[in-house]
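I opened my notebook and decided to look up a few things, one at a time. Come along and check each entry against the structure as you read.

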Amino acid sequence: MRNIKLTIEYDGKEFNGWQKQPNKLNIQGTIEQAIKQITGEEIELLASGRTDAGVHAIGQVANFKTNSNIPIEKIPIAINTNLKKSIRIKKAEEVDEKFHSRLSCKRKTYRYVINNSNCESAIYRNLETYIPFKLDIEKMQEAAKLFEGEHDFKAFKASGTSSKSSVRKIYKAEVTKQNNNRIYIELTSNGFLYNMVRIIAGTLVEVGEGKITPESITEIIDSKNREKAGKTLPARGLFLLKVEYD
């Protein structure tokens with residue numbers, strides 16, 4: 001039995017998230033069907049974590065067990081042939097049988113993309129969130145640093161999360177402005193709560209608008225009160241950038 005690790009890119013706009021569910025187009029089920037077509041096996045594809053409806057990935061990781069003897073270098077091509085163009089298998093690797101995409105994961109990085117120009121994009125409208133008024137990037141950068149470290153992020157999770165603990169460690173929180181007036185909010189953590197990145201991004205936008213001061217971020221974290229944090233930004237601007245393993 002082989003254990004195959006896949007690195008996956010997808011445009012999430014037409015999918016109802018990663019998780020397999022009846023009568024709804026989802027990424028997990030779509031890839032599982034493509035694998036069945038080339039191996040003849042009913043497999044379970046285990047991801048590093050679920051992404052919600054409309055969320056994208058550049059470096060999602062998933063693994064599955066197979067008895068197939070297809071050469072490892074041919075697996076991405078074979079699966080992609082049976083997939084929608086909005087999902088691509090970028091890489092396949094044969095890994096130790098104990099490897100588990102979610103349980104073995106040490107760090108994940110998400111990126112939130114904001115178009116802060118004077119005009120919404122026709123081409124990239126499903127890959128970013130448009131905010132027309134100028135944001136104070138320096139204040140957003142100052143506020144972002146206060147998210148770093150281990151904290152109880154209860155104020156930054158949506159209701160409906162199944163996590164028992166809301167304590168997470170953010171290794172890096174950065175806000176950068178690109179030459180094309182896009183703002184990237186990037187967070188690297190040992191784990192994320194439901195909608196945590198989108199709520200942190202929404203809070204940083206309110207800092208950029210001047211509605212929240214950078215210094216108040218610590219108070220919001222300590223409050224553990226969702227109502228104190230900013231709004232949840234739309235799914236379309238969120239990307240799972242990479243998943244790291246030791």
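These are my notes on ring pairs, a cavity, salt bridges, one helix and one loop residue.

**Before I start**

I reminded myself that this is a predicted model.

**Entry 1: aromatic rings**

How many aromatic pairs does the structure hold? I found five aromatic pairs in the structure.

I began with Tyr10 and Trp18. Their ring centres are 6.2 Å apart and their planes meet at 35°, so I wrote the pair down as tilted. To be sure of that word, I checked the cut-offs: stacked needs planes under 30 degrees apart and edge-to-face needs over 60, so 35° belongs to the rest. I also looked up how covered the two residues are, and both Tyr10 and Trp18 are buried.

Next I turned to Tyr110 and Phe192. Here the centres are 5.1 Å apart and the planes stand at 85°, which goes into my notes as edge-to-face. Where do Tyr110 and Phe192 lie? I placed Tyr110 in strand E5 (residues 107-115) and Phe192 in the loop between strand E9 (182-189) and helix H4 (196-209). The two parts are 82 residues apart in sequence, so this pair ties together distant places in the numbering. Tyr110 is buried, and Phe192 is buried too.

I closed this entry with a cluster: ring pairs link Phe147, Phe153 and Phe156.

**Entry 2: a cavity inside**

I searched for cavities of 30 Å³ or more, and the count came to one. The volume of the largest cavity is about 50 Å³.

Which residues line the largest cavity? I listed Arg2, Ile4, Ile35, Ile38, Thr39, Phe64, Thr66, Ser68, Ile70 and Ile75. Then I asked which elements they come from. Strand E1 (2-10), helix H1 (27-39) and strand E3 (56-66) each give two or more residues to this lining. H1 has the largest share, with three residues. Sorted by kind, the lining has six nonpolar residues, three polar ones and one charged one.

**Entry 3: salt bridges**

I counted 15 salt bridges. I followed three of them one by one, and then a network.

My first stop was Glu14 with Lys84, where the closest N and O atoms are 3.4 Å apart. Glu14 sits in the loop between E1 and H1, while Lys84 sits in the loop between helix H2 (75-81) and strand E4 (87-95). These parts are 70 residues apart in sequence, so the salt bridge ties them together across that gap. Are the two residues buried or exposed? Glu14 is partly exposed at a relative accessible area of 40%, and Lys84 is partly exposed at 36%.

Then I looked at Arg111 and Glu186, whose side chains meet in a salt bridge at 2.6 Å, N to O. Arg111 is in strand E5 and Glu186 in strand E9, so I noted a link between distant parts of the chain, 75 residues apart. Both Arg111 and Glu186 are buried.

My third salt bridge was Glu128 with Arg182, with the closest N and O atoms 2.9 Å apart. Glu128 is in the loop between E5 and strand E6 (129-130), and Arg182 is in strand E9, 54 residues apart. Glu128 has a relative accessibility of 6% and counts as buried. Arg182, at 13%, counts as buried as well. The cut-off I used here is under 20%.

Last in this entry, I noted that Arg107, Glu244 and Asp246 are linked in a network of salt bridges.

**Entry 4: helix H4**

I went back to H4, the helix that follows the loop holding Phe192. H4 has 14 residues and reaches 20 Å from its first C-alpha to its last, close to the 20 Å expected at 1.5 Å a residue. How many of its residues are buried? I found that 13 of the 14 are, which makes H4 mostly covered. Just after H4, Gly210 takes a positive phi of about 90°.

**Entry 5: one loop residue**

I finished with Asp52, which has its place in the loop between strand E2 (46-47) and E3. Asp52 is partly exposed, with a relative accessible area of 26%. I then compared its position with that of Asn16: Asp52 and Asn16 are 36 residues apart in sequence and 6.9 Å apart in space, C-alpha to C-alpha.

Conventions:
Residues numbered from 1 in each chain as written. Predicted model: local features only at pLDDT ≥ 70, side-chain atom pairs only at ≥ 80, totals over all residues. Heavy atoms only, no water. Phe/Tyr/Trp six-rings, centres within 6.5 Å; stacked < 30°, edge-to-face > 60°. Buried < 20%, exposed > 50% of the residue type's maximum accessible area, 1.4 Å probe, protein only. Helix = DSSP H or I, 4+ residues; strand = E, 2+ residues; numbered from the N terminus. 1 Å grid on protein atoms, 1.4 Å probe; cavity = no way out; pocket = protein on both sides within 12 Å on 5 of 7 lines; lining within 4 Å. Points joined across faces, edges and corners; volume = space filled by probe spheres on them. Nonpolar A, V, L, I, M, F, W, Y, C, P; charged D, E, K, R; others polar. Salt bridge = Lys/Arg side-chain N within 4 Å of Asp/Glu carboxyl O. Expected span 1.5 Å × (residues − 1).
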